[in-house]
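Work through the exercises below with the sequence and the structure side by side. Try each task before reading its solution.

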Amino acid sequence: PTTAELFAGGSPMTCSAKSIRCPYHSWTYALDGSLLRAPHTDGEEIEAADFALHPVGVDAWGGFVFVHPTPASAAPLDVSVGYELGDDGLVVRTTATNLGDGPCPFASGHHPYLSPGRGPVDDATLRLAAAVRILTDNDRQLPTGSEAVDGTDFDFRTGRRIGAQEIDFAFTDLERDPDGRAWVRLEGADGRRAELWVDGHYPII
């Protein structure tokens, strides 16, 4: 497919734009990916064909557009996300099926937001039964290593008030209950509590 085609359910969606312009550099491209204008090149002559956009694989699901930079090497993957509200609360189930014959690297993550109710989060009590914190760099939060939480400010295994502690890390080496679930519990000063669990497919919280 060309850069301008977005596929939803196998049918291409129409696009009314006549060109694509980068808001940062103001380079402008035709819908077939060819370069039309390239300002701010300091008078240097460039060959437009050398700077054309490359075709990419695109698909739409759930209101989001997914882009694969090398569609020829993309493994066919079918992903579904189901939501079920029951006695255990809201259960979110992600199912991924490799439709091809070869390996299909795949990662899935969620970003739930827990709130115990009214009041500042500083007064909330957090219990997170994880023995290891994943370290990240300061610029892009890319993983750089890990450390045991024992004896550090990030040990919430027995539950304690958050206070002024800033927590912007992932945790692993999770303690699990007999059903294989790892839990996060956040309790407000008024006694209200929000709980989150993940099954064994998720080694990181």
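**Exercise 1. The surroundings of L126**

Task: Find which residues L126 is in contact with, leaving aside its neighbours within four places in sequence.

Solution. The model is a predicted one. Step one is to list the partners: L126 is in contact with F156, G159, R160, I162, I167, V184, R185 and L186, once neighbours within four places in sequence are set aside. Step two is to place L126 in a wider group. The largest nonpolar core has 14 residues, and L126 is one of those with the most contacts inside it, together with L128, A130, I162, F171, L174 and L186. Step three is to ask which elements build this core. β10 (125-128), β14 (170-174) and β15 (182-187) each give two or more residues to it. The largest share, three residues, comes from β15. As a general point, nonpolar side chains in soluble globular proteins tend to be buried together.

**Exercise 2. A130: buried or exposed?**

Task: Decide whether A130 counts as buried or exposed, and name the residues it is in contact with, leaving aside neighbours within four places in sequence.

Solution. First locate the residue: A130 is in strand β11. The cut-off for buried is under 20% relative accessible area. A130 has 1% relative accessibility, so it counts as buried. Beyond its neighbours within four places in sequence, A130 is in contact with V149, R157, F171, T172, D173 and L174. For a contrast in space, take A96: A130 and A96 are 34 residues apart along the chain, and their C-alpha atoms are separated by 26 Å.

**Exercise 3. Positive phi outside glycine**

Task: Examine Q141 and D173; in which element or loop does each lie?

Solution. Begin with the angles. Q141 is not a glycine, yet its phi is positive, at about 55 degrees. D173, also a residue other than glycine, has a positive phi near 55 degrees. Next, the locations. Q141 lies in the loop between β11 (130-136) and β12 (143-148), whereas D173 is found in strand β14. Last, the accessibility. Q141 has a relative accessible area of 39% and is therefore partly exposed. D173 has 48%, so D173 is partly exposed as well.

**Exercise 4. T28 and its partners**

Task: Determine where T28 is found and whether T28 is buried or exposed.

Solution. T28 is found in strand β4, which covers residues 28-30. Its relative accessible area is 4%, so T28 is buried. Apart from neighbours within four places in sequence, the residues in contact with T28 are S19, I20, R21, S34, L35, L36 and R37.

**Exercise 5. Two loop residues and two distances**

Task: For R192 and E45, work out the loop, the exposure and one C-alpha distance.

Solution. Take R192 first. R192 is found in the loop between β15 and β16 (193-198). Its relative accessibility is 54%, so R192 counts as exposed. Not counting residues up to four places away in sequence, R192 touches P116, L186 and E187. R192 and A124 are 68 residues apart in sequence, and 9.5 Å apart in space from C-alpha to C-alpha.

Now E45. E45 lies in the loop between β5 (35-37) and β6 (57-61). With 74% relative accessibility, E45 counts as exposed. E45 and E175 are 130 residues apart along the chain, and 61 Å separates their C-alpha atoms.

**Exercise 6. The chain as a whole**

Task: How many helices and strands are there in the protein chain, and what radius of gyration does the chain have?

Solution. The count is zero helices and 16 strands. The radius of gyration is 24 Å, while a compact globule of 205 residues would have one near 17 Å. Along the principal axes, the C-alpha atoms fill a box of roughly 65 × 45 × 35 Å. Turn next to burial and surface. Buried residues make up 19% of the 205 residues. The chain exposes about 14,800 Å², of which carbon and sulfur atoms supply 52%. Among contacts between residues at least 6 apart in sequence, 43% join residues at least 24 apart. Finish with the charges: there are 16 positive and 31 negative ones, and their mean positions are 8 Å apart.

How values were computed: Residues numbered from 1 in each chain as written. Predicted model: local features only at pLDDT ≥ 70, side-chain atom pairs only at ≥ 80, totals over all residues. Heavy atoms only, no water. Helix = DSSP H or I, 4+ residues; strand = E, 2+ residues; numbered from the N terminus. Rg over C-alpha atoms; globule rule 2.2 N^0.38 Å. Buried < 20%, exposed > 50% of the residue type's maximum accessible area, 1.4 Å probe, protein only. Contact = heavy atoms within 4.5 Å. Areas by Shrake-Rupley, 256 points an atom, 1.4 Å probe, with all protein chains shown as cover. Lys, Arg positive; Asp, Glu negative; His and termini not counted. Charge placed at Lys NZ, Arg CZ, Asp CG, Glu CD. Core = buried A, V, L, I, M, F, W, Y, C linked by side-chain atoms within 4.5 Å.
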